[in-house]
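Here are my notes on this one, set out as numbered points. Have the model open while you read.

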Amino acid sequence: MAGISLQTNPTSVSGPAQTQGSVMSPPGPESKPKKKICCACPDTKKVRDECIVEHGEAACEKWIEAHRKCLRAEGFNV
């Protein structure tokens, strides 16, 4: 056993492997939404739906876009 020497080299731990690990970032705002799309933004959804029923889709672009903006804020890709 006298002929076997164990060496630890702490500098090898902080080499390129550690740098690669720090490049990856955790999921940001584009992570999976926490709600189902049908349950997100009920206020804008209600106004949008009522407008479409009463006036037609062409007349309700303002409410449609407001609902899309809300859904995007909730993490949906619409």
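**Notes on the disulfides and their surroundings**

1. Let's start with the cross-links: the count comes to two disulfides. Bear in mind that this is a predicted model, and the S-S geometry quoted below is computed from that prediction.

2. Take the pair Cys41 and Cys70 to begin with. Their sulfurs sit 2.0 Å apart and form a disulfide. The torsion about that S-S bond is about -95 degrees, so the link is left-handed. Cys41 lies in the loop between α2 (16-23) and α3 (42-55), while Cys70 belongs to helix α4, so the bond ties together parts 29 residues apart in sequence.

3. Is each end of that bond buried or partly exposed? Cys41 has a relative accessibility of 5%, and because the cut-off for buried is under 20%, Cys41 counts as buried. Cys70 comes out at 22%, so this end is partly exposed.

4. The other bond joins Cys51 to Cys60, with 1.9 Å from S to S. The link of Cys51 and Cys60 is left-handed too, at -90 degrees about the S-S bond. Cys51 and Cys60 are both buried.

5. How do the bonded cysteines pair up when numbered in sequence order? The pattern is 1-4, 2-3. Two further cysteines deserve a look here. Cys38 is in no disulfide, and its nearest cysteine sulfur is that of Cys39, 3.5 Å away. Likewise, Cys39 is in no disulfide, with the sulfur of Cys38 as the nearest one at 3.5 Å. A disulfide needs sulfurs within 2.5 Å, so at 3.5 Å Cys38 and Cys39 are not counted as a bonded pair. Cys38 is partly exposed at 47% relative accessible area, and Cys39 is partly exposed as well, at 48%.

6. On to Glu74, which is found in the segment after α4 (61-73). Which residues does Glu74 touch, leaving aside those up to four places away in sequence? They are Pro33, Lys35, Ala40 and Cys41. So Glu74 touches Cys41, the residue whose sulfur is bonded to Cys70, and contact here means heavy atoms within 4.5 Å. The C-alpha atoms of Glu74 and Cys41 are 8.1 Å apart, although 33 residues separate the two along the chain. Glu74 itself has 33% relative accessibility, so Glu74 is partly exposed.

7. A word on α3, which has 14 residues. From first C-alpha to last, α3 reaches 20 Å, close to the 20 Å expected at 1.5 Å a residue. After α3 comes Gly56, whose phi is positive, near 90 degrees.

8. Now the overall picture. The protein has four helices and zero strands, and along the sequence the pattern reads α-α-α-α. Of its 78 residues, 13% count as buried; Cys41 is one of the residues in the buried class, and so are Cys51 and Cys60.

9. Finally, the contacts and the surface. Among contacts with a separation of 6 or more, 53% are between residues 24 or more positions apart. The accessible surface of the protein comes to about 7,000 Å², and carbon and sulfur atoms account for 58% of that.

Methods: Residues numbered from 1 in each chain as written. Predicted model: local features only at pLDDT ≥ 70, side-chain atom pairs only at ≥ 80, totals over all residues. Heavy atoms only, no water. Helix = DSSP H or I, 4+ residues; strand = E, 2+ residues; numbered from the N terminus. Buried < 20%, exposed > 50% of the residue type's maximum accessible area, 1.4 Å probe, protein only. Areas by Shrake-Rupley, 256 points an atom, 1.4 Å probe, with all protein chains shown as cover. Expected span 1.5 Å × (residues − 1).
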